[in-house]
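Thank you all for coming. I would like to walk you slowly through one protein model this morning, so please have the picture open while I talk.

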Amino acid sequence: MRKDKEEPLTDIERRSHISEVLEELRTLSEDHVLLIEGKKDGYALDALGIAGDRYMIQSGGGPVDAVQYVEGHGGKAVILTDWDRRGESLAEHLSTLLGPKANTDIRGRLIKYCKTDIKDMESLDTLMARLGSSDN
């Protein structure tokens with residue numbers, strides 16, 4: 001019998017899925033610019049052990065300047081904006097400007113596994129700690 005609605009994931013399952021996404025992000029951060037909104041997002045990434053070249057869109061001059069930065073630093077980016085209305089709009093704009101050079105999959109998967117608890121990148125480390133992750 002097929003269920004009309006998927007069963008919600010347990011915290012253990014969510015932690016496992018988020019950990020997989022974060023491991024992929026660690027790998028991508030070696031040759032992609034991580035596009036984040038602000039300093040607190042960077043602090044969360046630090047706490048999760050994710051290094052790499054980052055560009056803070058808010059203080060860096062906005063989406064057009066972010067694209068220019070990406071072009072000058074390898075040409076590939078991972079969009080990691082928040083999943084509130086402003087972050088969604090910013091992600092769409094960046095994705096349009098960068099085209100296939102932008103990875104939006106990481107953000108999409110983080111939203112899928114985190115949106116019931118948090119709405120922004122800066123809270124990701126706190127969520128992982130709450131879920132009992134060994135990634136932080």
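**A pocket, a helix and a few residues**

Let me begin with the largest pocket, which is lined by Glu6, Glu7, Pro8, Leu9, Arg14, Lys112, Tyr113, Cys114, Lys115 and Thr116. Please keep in mind throughout that this is a predicted model. The space inside the largest pocket comes to about 270 Å³, and if we sort its lining by class, we find five charged residues, four nonpolar ones and one polar one. Which helix gives the largest share of that lining? It is helix H6, residues 105-114, which contributes three residues.

Now let us move to helix H2, which runs over residues 39-47, and ask which of its residues are buried. They include Asp41, Gly42, Ala44 and Leu45. When we look down the axis of H2, these buried residues fall within an arc of 160°, and therefore they line one face of the helix. For those of you new to helices, an α-helix has 3.6 residues a turn, so residues three or four places apart point the same way. On the other side of H2 we meet Lys39, Lys40 and Tyr43, which are exposed. And what do the buried residues of H2 pack against? Their partners are helix H1 (11-28), strand E1 (33-36), strand E2 (54-56) and helix H7 (124-130). Just after H2 the chain comes to Gly49, whose phi is positive, at about 75°.

Strand E2 also brings us to the aromatic rings, since the structure holds one aromatic pair. The pair is made by Tyr55 and Tyr69, whose ring centres are 5.0 Å apart and whose planes stand at 35°, so the pair counts as tilted. Because Tyr55 lies in strand E2 and Tyr69 in helix H4, residues 63-72, the pair ties together parts that are 14 residues apart in sequence. Is each of these two residues buried or partly exposed? Tyr55 has a relative accessible area of 9%, so it is buried, whereas Tyr69, at 23%, counts as partly exposed.

I would like to finish with three single residues, taking them in the order of the chain.

Val78 sits in strand E3, residues 77-79, and with a relative accessible area of 0% it is buried. Leaving aside neighbours within four places in sequence, the residues in contact with Val78 are Leu25, Leu28, His32, Val33, Leu34, Leu35, Asn103 and Ile106. Its C-alpha atom is separated by 8.1 Å from that of Ser29, although Val78 and Ser29 are 49 residues apart along the chain.

Gly87 belongs to helix H5, residues 85-98, and it too is buried, at 0% relative accessibility. Setting aside, again, the neighbours within four places in sequence, Gly87 is in contact with Glu37, Thr81, Asp82 and Arg107. From Gly87 to Met121 there are 34 residues in sequence, and 10.0 Å in space, C-alpha to C-alpha.

Leu97 is found in helix H5 as well, but is it buried or partly exposed? At 40% relative accessibility, Leu97 counts as partly exposed, because buried would require a value under 20%. Beyond its neighbours within four places in sequence, Leu97 has contacts with Pro63, Val64 and Val67. For Pro63 we can also give a distance, since Leu97 and Pro63 are 8.2 Å apart in space, C-alpha to C-alpha, and 34 residues apart in sequence.

How values were computed:
Residues are numbered from 1 along each chain as its sequence is written. This is a predicted model: local features need pLDDT of at least 70, side-chain atom pairs count only at pLDDT 80 or more; totals for chains, interfaces and linings use all residues. Side-chain values use heavy atoms; hydrogens and water are left out. Buried means under 20% relative accessible area, exposed over 50%, partly exposed in between (1.4 Å probe, protein chains only). Helices (H or I, at least four residues) and strands (E, at least two) are DSSP runs, numbered from the N terminus. The arc is that of the directions from the helix axis to the C-beta atoms. Contact means heavy atoms within 4.5 Å. On a 1 Å grid over the protein atoms alone, a cavity is a set of points where a 1.4 Å probe fits but cannot get out, and a pocket is an open set with protein on both sides within 12 Å along at least five of seven lines; lining residues have an atom within 4 Å of a point. Grid points are joined across faces, edges and corners, and a volume is the space filled by probe spheres set on the points. Ala, Val, Leu, Ile, Met, Phe, Trp, Tyr, Cys and Pro count as nonpolar, Asp, Glu, Lys and Arg as charged, and the others, Gly among them, as polar. Rings of Phe, Tyr and Trp (its six-membered ring) pair if their centres lie within 6.5 Å; planes under 30 degrees apart count as stacked, over 60 as edge-to-face and the rest as tilted.
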